[in-house]
Amino acid sequence: MDELLTKLKKNFSDEEFVELKAAYDFSKDAHKDQKRQTGEPYFIHPCAVVNILVDLGFDDVSTLVAAFLHDVLEDTSVTADELEQKFGHEVLELVEGVTKLDKIKFVSSEDEQAENLRKMFFAMAKDYRVIIIKLADRLHNMRTLDALKPEKQIKIANQTLKIYAPLAGRFGLSFIKCELEDLSMRYLYPDDYYTLVEYIKTKSKERQQFIEKICEELKAKLNELGIEGEVNGRQKHLYGIYKKMLKQGKTIDQIYDISAVRVIVNEVQDCYTVLGAIHTMWMPLPGRFKDYIAMPKPNGYQSLHTTVITKFKETFEIQIRTYEMHRIAEYGIAAHWKYKEGKTGVTKIDDQINWLREVMDTQREMSDSHEFLNNLEGNVFTDEVYVFTPKGKVLNLPDGSTPIDFAYAIHSEVGNKCIGAKVNNKIVPLNTVLKTGDIVEILTTNSGKGPSRDWIKFVKTASARTKIRQYFKKEMKEENIRRGKDMLEKEAKRRGYNLFELMNTTGLDYVMNRYSLTSVEDLYSAVGYGGFTTNQIIVKLIDYFKRDLLAKNPVAEIKTTPSKGKRSSGNGVLIRGYDDFLVRLSHCCNPVPGDKIVGYVSRGRGVSVHCVDCPNVKNMEPERLIEAKWDDVISENFQATIKIYCENKGGILAAITTVISNMKIQITGANARSDADNGTAEITVTIEVKSTNEVDEVIRKLKTLPAIIDVHR
């Protein structure tokens with residue numbers, strides 16, 4: 001603690017030190033009778049948090065004062081009024097923000113975790129300094145996690161690895177991110193952790209000698225080129241090595257870039273000069289070069305990465321960057337802190353946290369916490385891919401993004417007018433997953449066609465999903481109301497209820513308040529444009545319907561009589577243990593012999609049979625699901641629908657029908673739709689088959705036709 005005061009006195013002005021010392025003394029007095037689980041005085045903890053922030057380069061006095069005081073509201077008798085009177089409103093807001101985060105309990109329930117993450121991001125959006133203090137707080141807690149019970153260690157480590165470490169990475173705080181990951185791994189995967197530690201310990205001497213030799217050669221090359229700079233080697237952090245082992249399915253012996261050599265120079269042009277020299281000294285490994293200078297990571301990281309191999313088959317990674325890039329790589333958002341003060345307009349720090357603003361902008365259109373969590377996982381806690389426009393502009397998108405995500409990343413109008421896409425000059429389906437290096441061209445039309453609702457099912461980015469919904473919300477309100485009402489009526493009927501009855505319960509009031517809706521038309525419209533799923537609304541209405549009415553007016557359930565044997569339904573389906581059921585095959589998934597199936601007992605309509613992976617099964621009441629299987633002997637045919645995406649060439653429909661006819665399979669229906677703007681067509685064919693084997697064979701043979709892009713059931 002005395003060392004911290006010395007450091008603060010050295011790094012801050014006399015006036016700033018007086019303010020920091022006042023916070024130091026106030027916190028020390030507030031926590032004077034408290035102990036940590038380690039047995040140490042509690043005051044050590046806020047001092048450690050401040051020390052971490054100072055070492056990272058944070059010189060914002062209000063942030064450091066709040067870090068000293070971040071636990072006083074929660075753990076001492078100090079009041080908010082007292083804190084504001086002594087240290088001001090800004091410090092109070094920061095302390096309250098951290099306190100609210102401390103109250104968030106990340107329990108196993110998905111609902112709770114989703115809502116808690118949403119609260120955390122609201123706090124971050126209000127003032128991102130809150131999460132910076134919290135990250136330093138979490139780092140010190142992880143360093144002293146030994147004092148807690150094993151089950152508590154695992155819970156905190158798991159939460160740290162899934163939430164706090166990725167957030168540190170997004171803020172560019174690589175020092176915090178790496179240490180949080182390594183500490184989490186120690187408690188979550190102790191065997192793997194200590195195996196890695198032992199391996200690196202035994203290999204460290206010979207590896208160090210090898211790296212030192214490489215560094216000497218590189219220093220000599222810099223002198224030869226007349227470039228000022230420094231060269232050093234470092235070991236990569238344990239969890240990074242562990243993730244690479246899992247991803248590549250390799251043992252530690254097969255991971256070659258455990259260590260990396262770093263070259264730091266003055267100018268950007270020197271980076272590329274050094275890169276060229278390195279590739280003349282050692283052979284580069286194909287596919288292992290990454291230019292993060294031309295294409296920076298979203299957190300601002302810039303560097304050249306290349307992996308090379310010596311004539312003795314030894315491989316190692318080299319990173320080349322400028323001193324400024326190195327400062328940002330090590331300290332992230334803290335590297336820009338000084339530039340922010342006293343400036344208006346867009347600064348480097350604004351660019352670096354732009355992802356946070358995007359997350360919070362899109363959340364306003366989201367209907368619930370689950371959707372927010374899904375978008376968060378897709379846009380914040382995942383890797384990126386880097387793709388190009390035909391003119392060479394680079395866009396970074398979340399891993400798993402599609403041409404639709406690309407189109408909306410360019411502009412809303414490009415997305416709304418999109419009718420097709422080319423990737424690397426080849427027409428592809430709009431749900432194609434993009435890869436780093438792809439050149440993407442969006443085909444558009446001015447016909448006013450607009451986006452498809454189906455796009456929402458496969459787009460990856462929250463912004464694309466939000467913009468699609470906004471289009472349907474604004475452009476087609478009347479149709480949305482009609483569509484939404486129809487969707488809710490069908491969903492209620494499918495579940496055996498009447499929508500009119502469900503809407504005349506207190507459940508409607510709950511739904512309206514829960515989603516901030518002002519009228520029933522707004523509810524219908526929101527369902528119609530995809531703001532809510534029918535399942536979200538109907539499940540809540542049914543719950544209140546049962547609560548309000550079922551107790552007073554019991555509804556007769558289907559009564560079934562157990563049977564000793566088994567009886568076929570007449571259409572090839574056996575319902576185990578029951579007799580005299582009306583059984584029908586559902587049209588939503590059209591099950592065919594060979595599909596895994598399940599029965600659903602509906603009110604007054606017998607048993608409907610679905611494929612087990614049918615999306616509708618997820619929304620059904622579990623107690624009404626019943627075991628079903630195909631009869632051993634089936635004589636009748638079943639209908640299956642196949643969707644074919646192809647180039648719009650003459651004779652393609654004839655070729656498709658010829659393939660199916662030659663297999664002696666009857667076509668019972670067909671529908672074709674062409675798109676002249678991008679030269680593609682979509683053909684839907686319904687066929688009669690006896691099993692899934694026949695369907696698979698049809699799909700396999702159709703895929704051999706030269707103009708076919710994709711075929712699926």
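# Burial, salt bridges and a charged patch

Buried residues make up 48% of the 713 residues in the chain. The model is predicted.

Biologist: How many helices and strands does the chain have?

Modeller: Helices and strands are both present in the chain. The secondary structure comes to 30 helices and 21 strands.

Biologist: What share of the contacts between residues at least 6 apart in sequence join residues at least 24 apart?

Modeller: Take the contacts in the chain between residues at least 6 apart in sequence. The share of these that join residues at least 24 apart is 66%.

Biologist: How much area does the chain expose, and what part of it do carbon and sulfur atoms supply?

Modeller: The exposed area of the chain is about 36000 Å². Of this, carbon and sulfur atoms supply 49%.

Biologist: Is helix α4 mostly covered or mostly open, and how many of its residues are buried?

Modeller: Helix α4 spans residues 61-69 and is mostly covered. Its buried residues include V61, L64, V65, F68 and L69. S62 and T63 are buried in α4 too. The count of buried residues is 9 of 9.

Biologist: Is L508 buried or exposed, and which residues does it touch?

Modeller: L508 sits in helix α26, residues 506-514. Buried means under 20% relative accessible area, so L508, at 14%, counts as buried. Leaving out residues up to four places away in sequence, L508 touches M503, V520, L523 and L541.

Biologist: What distance separates the C-alpha atoms of L508 and I538?

Modeller: L508 and I538 are 30 residues apart along the chain. Their C-alpha atoms are separated by 9.9 Å.

Biologist: How many salt bridges does a search of the whole structure find?

Modeller: Side chains of opposite charge can pair when their charged atoms come close. The search of the whole structure finds salt bridges numbering 22.

Biologist: Why are E224 and K221 separated by about one helical turn, and what is the N to O distance of their salt bridge?

Modeller: Both residues lie in helix α12, residues 190-225. They are 3 residues apart there, so about one helical turn separates them. E224 is exposed at 60% relative accessibility, whereas K221 is buried at 18%. Their side chains meet in a salt bridge with an N to O distance of 3.4 Å.

Biologist: How far apart are the closest N and O atoms of D454 and K457?

Modeller: D454 is partly exposed, with a relative accessible area of 43%. K457 is exposed, at 70%. The two form a salt bridge, and the closest N and O atoms are 3.5 Å apart.

Biologist: Which residue meets K649 in a salt bridge?

Modeller: K649 is partly exposed at 47% relative accessibility. Its partner is partly exposed as well, at 31%. The N to O distance is 3.4 Å, and the partner is E647.

Biologist: Which residues are joined into one network by salt bridges that share partners?

Modeller: Shared partners link these salt bridges. The residues joined into one network are D60, E90 and R129.

Biologist: Which residues form a positive surface patch with K243?

Modeller: K243 lies in helix α13, residues 238-248. Patches are made of residues with over 30% relative accessible area and no salt bridge. K243 is partly exposed at 41%, so K243 passes the area cut-off. The other members of the positive patch are K247, K290 and K297.

Definitions and conventions
Residues are numbered from 1 along each chain as its sequence is written. This is a predicted model: local features need pLDDT of at least 70, side-chain atom pairs count only at pLDDT 80 or more; totals for chains, interfaces and linings use all residues. Side-chain values use heavy atoms; hydrogens and water are left out. Patches are made of residues with over 30% relative accessible area and no salt bridge: like charges are joined within 9 Å, nonpolar side chains (Val, Leu, Ile, Met, Phe, Trp, Tyr) within 5 Å. Accessible areas come from the Shrake-Rupley method with a 1.4 Å probe; for residues, only the protein chains shown count as cover. A salt bridge is a side-chain nitrogen of Lys or Arg within 4 Å of a carboxyl oxygen of Asp or Glu. Lys and Arg count as positive and Asp and Glu as negative; His and the chain ends are not counted. The place of a charge is taken as NZ of Lys, CZ of Arg, CG of Asp or CD of Glu. Helices (H or I, at least four residues) and strands (E, at least two) are DSSP runs, numbered from the N terminus. Buried means under 20% relative accessible area, exposed over 50%, partly exposed in between (1.4 Å probe, protein chains only). Contact means heavy atoms within 4.5 Å.
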